[in-house]
Amino acid sequence: MKLNISKVTGFVPEGKIYANKQSALEHVKALYEKTGKGNDFLGWVRLPSSVEESELSAIEDVAAFYRQQKVEIVVVAGIGGSYLGAKATLEALSDNFWQMKDSEYPKIIFAGQNISEDYLYELLDLLETRSYGVVVISKSGTTTEPAVAFRLLKAHLEKKVGKAKAKDYIVAVTDGKRGALRTLAAQEGYRTFVIPDDVGGRYSVLTPVGLLPIAIAGFDVRQLIQGAADMQQATAPGVAFEENIAAIYAATRYELYRAGKTTEILAGYHPKLLYVAEWWKQLYGESEGKENKGIFPASVTLTADLHSMGQYIQEGLRNIFETVISVERTAHKLRIPPDTANLDTLNFLSDKRIDEVNKMAELGTMLAHVDGGVPNIRIEIPAINEYNLGKLFYFFEIACGISGYLLGVNPFDQPGVEAYKKNMFALLDKPGYEEESRKVKVRLQQ
Ligand code: PA5
């Protein structure tokens, strides 16, 4: 994996980026030595190099159980950090048309990431005629969206196969000791996995939160961990700034931010990467967006969005920069056929690989956007696979920790997320919210 910032230096001189060398390296050290803000949430830093064999085996056992039982669907209920890492990995690694293809592995469907009645109704309707299991993931165990979904799923499964059998098909991933889900799992006798105390939701993809759904879907979690462990080593304290791509990425985006580039657009040229961008948006949005500071994380899938967002990127408000995830090799090869009529005048592309056209679109777009005033950072990965995704996840996580510290915020809390919950509970007349309830109802009338 490589980082290329050559198309940034026309906007921010390299000297300015490298002026952050000392502080960026100190922040790497602070993440390891737990001396910075949010230091009780740094368990993810050494996670790749410390994952225990017993945990991986237990995860693989559950995956094998569902497979042996020929379970068709496993519904994973979770939201935010308890959803996006697994979703991103499964989308990236799966066949683009997996829904339509047979597989020896259960299909993973997500729930609890919204409160849409139609979504949940249609899900239960589908599950009526399918064999299925449920993995419920919530660190707090009290998050409304997955808790509502799990109520429905639990009741549905118990009705369908009986309470005694249902418990064998339900797995809970939650806090080791506390929370409603931990209590429920103990009462019902569910198999459980622990989300470590010191790992926050958006940094938890390499815990059972991400690993369990990924293993159930048939992907190699050991390769994912290996990639992350190699990236941990490549970005650890003691690695020179010039060699530490996470520190360089953090320093680059920090200087772009100081130069007025307050929106970062993560761009990919493969639809499979769409949810990697969603995961990345949560990671950076929740980590940096506080105290009236922070780069706004946005994303596009190209070339599709060149026909929608492309106009804005090229000529809109000049407060944006772009970070492209560039994939060197595709999994498959396909060439464009010649056509004797050539009505579309595309015979100059005859026999060219589709990926060559995609790559030229990528390079052409980069130059056009740079010409339009949009600095471009390129993250180059050799291919989309478990190993490289592991590297990419850890790279973004450690760079996010450094970025938050450069900005002067605590990148490991999310106090702002509570505001909507308070109003929602007040509007729903939750006991204990009586005073708030009166206030919000008056405000809605104004
Ligand atoms: O990053 C975070 O901490 C959040 O996005 C959480 O992951 C999200 O709110 C879900 O929380 P929980 O796992 O407690 O249900």
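## Polar contacts to the ligand

In this predicted model, the side chain of Ser 138 places an N or O atom 2.6 Å from an oxygen atom of the ligand. For Gln 282, an N or O atom of the side chain is likewise 2.6 Å from a ligand oxygen atom. Thr 143 also takes part: a polar atom of the Thr 143 side chain lies 2.5 Å from an oxygen atom of the ligand. These distances fall within the 3.5 Å cut-off for a polar contact.

On its own, the ligand would expose 390 Å², and the protein buries 88% of that area.

## The shell and the pocket

The ligand is surrounded by 13 residues. Ser 138, Thr 143 and Gln 282 belong to the closest of these, together with Ser 82 and Ser 140. By residue class, the shell divides into nine polar residues, three charged residues and one nonpolar residue.

As for location, the ligand sits in the largest pocket of the model.

## Aromatic pairs

The structure holds 20 aromatic pairs. One of them joins Trp 44 and Tyr 394, with 6.3 Å between the ring centres and 55° between the planes. The pair counts as tilted, because that class covers planes that are neither under 30 degrees apart nor over 60.

Where do the two residues of this pair lie? Trp 44 is in the loop between helix H2 (21-33) and helix H3 (47-50), while Tyr 394 is in helix H16 (residues 386-407). The pair therefore ties together parts of the structure that are 350 residues apart in sequence.

Definitions and conventions. Residues numbered from 1 in each chain as written. Predicted model: local features only at pLDDT ≥ 70, side-chain atom pairs only at ≥ 80, totals over all residues. Heavy atoms only, no water. Near = heavy atom within 4 Å. Polar contact = N/O pair within 3.5 Å; in protein donor to acceptor, adjacent residues only side chain to side chain. Areas by Shrake-Rupley, 256 points an atom, 1.4 Å probe, with all protein chains shown as cover. 1 Å grid on protein atoms, 1.4 Å probe; cavity = no way out; pocket = protein on both sides within 12 Å on 5 of 7 lines; lining within 4 Å. Sits in = over half its atoms within 2 Å of the grid points. Nonpolar A, V, L, I, M, F, W, Y, C, P; charged D, E, K, R; others polar. Phe/Tyr/Trp six-rings, centres within 6.5 Å; stacked < 30°, edge-to-face > 60°. Helix = DSSP H or I, 4+ residues; strand = E, 2+ residues; numbered from the N terminus.
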